[in-house]
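Hi,

Here is the structure I promised to send over. Have a look at it first, and then read on for what turned up.

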Amino acid sequence: MRTRTILSFIFAGVLSSWLPASVVNECNNSVCYVKKVVVRSFIQCPDYGYQTTFTCEHYLNPGECFSLIDGVEGGNCYHYYSIESVTWIPICGIVGSISGLPDTICANEIVNVTANATGGPLLQGVAWGGDALVLNQSANNATVRFPNGGTNRRILAQAAQGQATPAQATTQAIDIEVLEGSTLKSAGDIVRIDATAVMPALKARLKNASGMPGTVEWKATIVFDRPNRNDTNAFTKTLAATATWDIAAEFGSNFYGGTVTVEGKHTAASGATSQSCNPFVIHIRGLNPTVQVLETYIGTTPWYATPICRHERAGDLQFNVGGQEGPNFLTTDLKNTPNRGGDQIGWGAFQLTYLFANGRVPTTTEVWSWKANVDTGKAHLTTTCHSEAAAWIASQEQQQQNEEPTMPLQNYIFVFNGTPFQKGTARTPVDACAIQRNNGATSWVIYWKNKTTTTPGSWEYVPAQTGYVDAVCGRIAN
Amino acid sequence: MKSLQSLTLLFLLVNAGLGPVFGAGEPVTRNGLRAQTLSTWEGKYQFADEIVVNIDGLPPLHTFQFRAQSREGDLIVIGTILQNETVSVLIDADTNRKGVTPIFEGIDALPDSQGADILIRWRHPGQAGLRSVDRFRYQDGKLLKVMRADLVVQGGRRLWVRGSDVIESRPALRASETTSP
């Protein structure tokens, strides 16, 4: 064995010395040539009485030397080489350019690229760099995409042999990541307004964007269109491509929920603009406080706020308790979506519908924040409902004073569902009317019936209108 | 003395908004009507809009809307326009409502060979979104109330029921009384 190894070195030295200097490739006037070397091989195995010859072609890259080393093959065989021919072939030329790859593409966007060469046809064609995924490839054309996005994703084109420097094109592959705080979210995930009424800390950024040039025009659209809401709110921001967009900061103190679609449009340094890439959809839902926390927050002023809330929310809280949580807030996945009442127009703990003297509908914040819902519900009670009730009772007392001065209101008791209301006590006729006004006072439950020529005036209550006040009074205890 | 009492009562009625504003059938100029300030227990209402309902074969109905500042609720006067821009008032504003003034939502007409049914739709302020519809018969130059329907909430669902303009009420208990009505 040692003898054979030494013999191999001897053969190698002899064969190398046989190679003419002209075998080394050269480039001339920017056109590359390759040497095609046809080598004849002779294998002889004396132990088996076997021998054979064959030829094969080798192509040399520029500056590459061709060396052949005779030697011992396995099985006590000997291998001899000889150069049969050496020819110059202008096989490739310089690859001129790659076309079809924009400055910016969307991650996973399928792009057709073409390698254009001068001086001859491509032998190898399009190759790829980075994490490109090649779907189809021919001699000078390929269909590629970059599944992970990122900075300076490369497409290469080069010849087989003889091409020293492949042509190259780079692109910025745009993909969006959404985070809650520092936690990456998956498309379709659910994030939640917490039980203390704090919006999720939503953020967005480009994937693998470190060092990426250009800017991104961000857009987040939040839709909640369960009847009778038709809420669509959009937020935009333009930032450096490397920056993270703090979406939650755009909300300010407002609350939103429903389906969130985040889009990013990248503008490369060249000014080329991509389409909005790979919209990222995520869902915002809400978590309820406990009943105890809710009622502690409501407090005891006015006294009827908590009973009204108990009656209005009807077993749910700000958000629906029953059902399943999921992306479809219209039909199947109602859990943790805002509590819409059986009348299909009221929302949340206080079933806000038409508010204050101007009858405005509740805001998204009042629909998605239980604290805002309670704040507004109480404000509606203490301003519009109480002030209108007070004005009403005052107008009726004025009429009573004018017609029957000996029948002051404080001498009369109005009983709703067993609960007495009397002027000068903890529960007054104004309170009863304020409760009714929250629901709607088509005809006030308490009024002064004007005297006629035949009947004296009297304080009256209207049974047909007492249903709501009765129901609320039924929830005073729990 | 009796005259003085009558005068006082009239004064009180007008001040309390208990009397008719224009009086059905009473002529008033169009501009004069628009310039009126109407009053209820809720405050003062100013002219806001005039809606014309053109009906095949009948004189157009003019609905004059009056609104209070910064609050819902509409008072409406309906009439026809006579010569010299005079309004013949067919329906007077209800300034003596024993409830919260509702929001006027619209007026519709269903004409037939004799005249037309007129539907006036209202929404009542409040979280329940209560509604009502007044149906009038418009014929022979008159507009007569036929019926009213109310959208109410009963047992957690919204339900249309036959309504009434007559308030059925019962006297309250005197504080010294102990029995519940």
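Let me start with a question: are A:Glu388 and A:Arg437 buried or exposed? Both A:Glu388 and A:Arg437 are buried. Before I go further, please keep in mind that this is a predicted model.

**Salt bridges**

Those two residues belong together: the side chains of A:Glu388 and A:Arg437 form a salt bridge, with N to O at 2.6 Å. The pair links distant parts of the chain, as A:Glu388 sits in helix α6 of chain A and A:Arg437 in helix α7 (residues 429-439) of chain A, 49 residues apart. Counting over all chains, there are 29 salt bridges in the structure.

Chain B has a pair to look at too. The side chains of B:Glu50 and B:Arg30 meet in a salt bridge, again given as 2.6 Å from N to O. B:Glu50 is in strand β3 (residues 43-55) of chain B and B:Arg30 is in helix α2 (residues 30-34) of chain B, so this salt bridge ties together parts that are 20 residues apart in sequence. B:Glu50 and B:Arg30 are both buried.

Then there is B:Arg123, which makes a salt bridge with B:Glu105; here the closest N and O atoms are 3.8 Å apart. This pair also links distant parts of the chain: B:Arg123 is in strand β8 (residues 116-123) of chain B, B:Glu105 is in strand β7 (residues 103-111) of chain B, and they are 18 residues apart. B:Arg123 counts as buried because its relative accessibility is 7%, while B:Glu105, at 33%, counts as partly exposed. There is a network in chain B as well: B:Asp134, B:Lys145, B:Arg148, B:Asp150 and B:Asp165 are joined by salt bridges that share partners.

**Strands β7, β8 and β9 of chain B**

Since B:Arg123 and B:Glu105 bring up these strands, here is how they fit together. β7(B) and β8(B) are antiparallel and joined by eight bridges, and a hairpin of four residues connects them. On its pairing with strand β9 (residues 131-139) of chain B, β8(B) again has eight bridges and runs antiparallel. B:Leu119 in β8(B) is a handy marker: B:Asp108 stands opposite it, and in β9(B) its bridge partner is B:Arg135. β8(B) is mostly covered, with six of its eight residues buried.

**Where the two chains come together**

One open sheet has strands from both chains. Its order is β25(A)-β24(A)-β13(B), three strands with antiparallel pairing. β25 (419-421) of chain A and β13 (173-174) of chain B are the edge strands, each pairing on one side only. Strand β24 (residues 412-416) of chain A is joined to β25(A) by three bridges, and A:Phe416 is found opposite A:Thr419 in β25(A).

B:Glu168 also reaches across to chain A. B:Glu168 lies in the loop between β11 (157-162) and β12 (170-171) of chain B, and it counts as exposed because its relative accessibility is 64%. Apart from neighbours within four places in sequence, B:Glu168 contacts A:Val462 and A:Pro463.

**Chain A: overview, a helix and a patch**

Chain A has eight helices and 27 strands. It is 478 residues long, and 48% of them count as buried. Among its contacts with a separation of 6 or more, 63% are between residues 24 or more positions apart. The chain exposes about 20700 Å², with 51% of that supplied by carbon and sulfur atoms.

Which residues of helix α3 (residues 291-298) of chain A are buried? They are A:Leu294, A:Glu295 and A:Ile298. Down the axis of α3(A), these buried residues fall within an arc of 90°, so they line one face of the helix. The face turned away from that buried side carries exposed A:Gln292 and A:Thr296. The cover over the buried residues of α3(A) includes α4 (305-313) and α6 (370-403) of chain A. Right after α3(A) comes A:Gly299, with a positive phi near 80°.

Finally, A:Ile110, A:Leu133 and A:Leu135 make up a nonpolar surface patch of about 250 Å². A:Leu135 is in strand β11 (residues 133-137) of chain A, and it counts as partly exposed because its relative accessibility is 36%.

Cheers

Notes
Residues numbered from 1 in each chain as written. Chains lettered and ligands numbered in written order. Predicted model: local features only at pLDDT ≥ 70, side-chain atom pairs only at ≥ 80, totals over all residues. Heavy atoms only, no water. Helix = DSSP H or I, 4+ residues; strand = E, 2+ residues; numbered from the N terminus. Buried < 20%, exposed > 50% of the residue type's maximum accessible area, 1.4 Å probe, protein only. Contact = heavy atoms within 4.5 Å. Arc of directions from axis to C-beta. Patch = residues over 30% accessible without salt bridge, like charges linked within 9 Å, V, L, I, M, F, W, Y side chains within 5 Å. Areas by Shrake-Rupley, 256 points an atom, 1.4 Å probe, with all protein chains shown as cover. Salt bridge = Lys/Arg side-chain N within 4 Å of Asp/Glu carboxyl O. Pairing = 2+ DSSP bridges.
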